[in-house]
Amino acid sequence: SHFEIHAYAAHPAHGGDADRVRRGVDRWLDLPADDDQAADLIAEFQRAFTWWHDRDVLTVAVVQGAAVGAGFQLALACDLRVCSTAARCSMRETSLGLVPDLAGTHPLVRAVGYGRAVEMCVTGRWVGADEALGLGLASAVVEADDLDETVGDLVAALLAAPESAARATKAVLRSALTADPVAQREVERRAQIPLLRGLLGS
C-alpha cells in the first residue's frame, strides 16, 4: 500500500502542561558538552519525526485530545490531519525556555504563515479543532464517534488513485513548496513523462 494511517491519539494527562514537558526534558540531562555532538543528538530525534513526511507515501494523522509540543509536531509531519471536535494543539516549548526542534516549524509556518506561527509558538496557546480547520492545519473535524469512518473514507478515496500517480503527485506538490515557477514547471514535465509512457504503453 502506498498510504499509511498514523493514528495519533494524545489525551490530556493529569497535572500541568509544564510538568509534562519538563519530565520530557529529563532526557536531555545527558546532553553532550560538545555543541556538534548535541546537534547530532537532536538530529536523531528530528529524523524520527521527518520519516513520516520524507517518504513517498501519503500519511494521515488522526488527532484526538491534546497534541502538545512533540505530539503536535508529529501530527504536522503527516500529509493530512483529521481531528475530533475535542482535539486541540499547542506548541509549549517556548513557554518553557526552549524552541520547537522536532522539524515542526517548517510545516507550521507553511500552513499558517509566519506571523500566526510566531503568535502560536511564543504564547503557547491552545488551538482548538475548529480553528485548526480554518487555518488549514486540519483536513477535517468530526465527532470522535465518526473518526474511524471519516478516516476510512478518506483513505479509501486516496487509495482509489493509481499508486504511481499518487506517489508522483506528492513529489510534485512537495517540490512546489520551494521551487520557483519555472523550475516547478520542469518538475511537472519530468514527472508526467513516465506516467504518459505508462498509459500509452510506450
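# Reading helix packing, salt bridges and surface in a predicted model

Tutor: Let us begin with helix H4, for in this predicted model the buried residues of H4 pack against helix H3 (70–76), H5 and helix H6 (129–135).

Student: Which residues of H4 are the buried ones, and how are they placed around the axis?

Tutor: A residue is called buried when its relative accessible area is under 20%, and in H4 this description applies to Pro107, Leu108 and Val112. These residues cover an arc of only 105° around the axis, which means that they sit on the same side of H4.

Student: Where does Val109 lie, and is Val109 buried or exposed?

Tutor: Val109 is also a residue of helix H4, which spans residues 105–112, but with a relative accessible area of 35% Val109 falls in the partly exposed class. Val109 contributes, together with Tyr114, Val118 and Val122, to a nonpolar surface patch of about 380 Å².

Student: Which helix supplies the largest share of the nonpolar patch?

Tutor: Helix H5, residues 114–123, does, since 3 residues of the patch come from H5, the largest share.

Student: What follows H4 in the chain?

Tutor: Gly113 follows H4, and the phi of this glycine is positive, near 95°. The general background for reading such an angle is that most residues other than glycine have a negative phi.

Student: Which residue has a positive phi although it is not a glycine?

Tutor: Ala103 does, with a phi of about 70°. Ala103 is placed in the loop between strand E4 (88–90) and H4, and its relative accessible area of 33% makes it partly exposed.

Student: I would like to turn to charged pairs. How many salt bridges does the structure hold?

Tutor: The structure holds 10 salt bridges, and a useful way to read any one of them is to ask which parts of the chain are joined. To take one case, Arg174 and Asp54 form a salt bridge in which the closest N and O atoms are 3.6 Å apart. This pair links distant parts of the chain, with Arg174 in helix H8 (residues 163–176) and Asp54 in helix H2 (residues 35–54), 120 residues apart. Neither partner is in the buried class, because Arg174 is partly exposed at a relative accessible area of 31% and Asp54 is partly exposed at 45%.

Student: Which residue does Arg167 meet in a salt bridge?

Tutor: The side chain of Arg167 meets that of Asp56, with an N to O distance of 2.8 Å. Arg167 lies in helix H8, whereas Asp56 lies in the loop between H2 and strand E2 (58–68), so the pair ties together parts that are 111 residues apart in sequence. Arg167 counts as partly exposed at 25% relative accessibility, and Asp56 is likewise partly exposed, with a value of 45%.

Student: What about Arg116 and Glu131, whose side chains meet in a salt bridge?

Tutor: For Arg116 and Glu131 the N to O distance is 3.7 Å. Here too the pair links distant parts of the chain, although the separation is 15 residues, with Arg116 in helix H5 and Glu131 in helix H6. Relative accessibility is 34% for Arg116, which counts as partly exposed, and 28% for Glu131, which counts as partly exposed too.

Student: Which residues are linked with Arg116 in a network of salt bridges?

Tutor: The network takes in Glu119, Arg125 and Glu131 along with Arg116, and a network of this kind is best read as a group rather than pair by pair.

Student: Is Gln184 buried or exposed, and what does its side chain contact?

Tutor: Gln184, a residue of helix H9 (residues 181–200), counts as buried because its relative accessibility is 9%. The side chain of Gln184 is joined to that of Ser175 by a polar contact of 2.8 Å. Leaving aside residues up to four places away in sequence, Gln184 touches Val172, Ser175, Ala176 and Ala179.

Student: How should I place these details within the whole protein?

Tutor: The secondary structure comprises 9 helices and 6 strands, and buried residues make up 34% of the 202 residues. Of the contacts between residues at least 6 apart in sequence, 65% join residues at least 24 apart. The accessible surface of the protein is about 11,500 Å², and 57% of this area belongs to carbon and sulfur atoms.

How values were computed
Residues numbered from 1 in each chain as written. Predicted model: local features only at pLDDT ≥ 70, side-chain atom pairs only at ≥ 80, totals over all residues. Heavy atoms only, no water. Patch = residues over 30% accessible without salt bridge, like charges linked within 9 Å, V, L, I, M, F, W, Y side chains within 5 Å. Areas by Shrake-Rupley, 256 points an atom, 1.4 Å probe, with all protein chains shown as cover. Salt bridge = Lys/Arg side-chain N within 4 Å of Asp/Glu carboxyl O. Helix = DSSP H or I, 4+ residues; strand = E, 2+ residues; numbered from the N terminus. Buried < 20%, exposed > 50% of the residue type's maximum accessible area, 1.4 Å probe, protein only. Polar contact = N/O pair within 3.5 Å; in protein donor to acceptor, adjacent residues only side chain to side chain. Contact = heavy atoms within 4.5 Å. Arc of directions from axis to C-beta.
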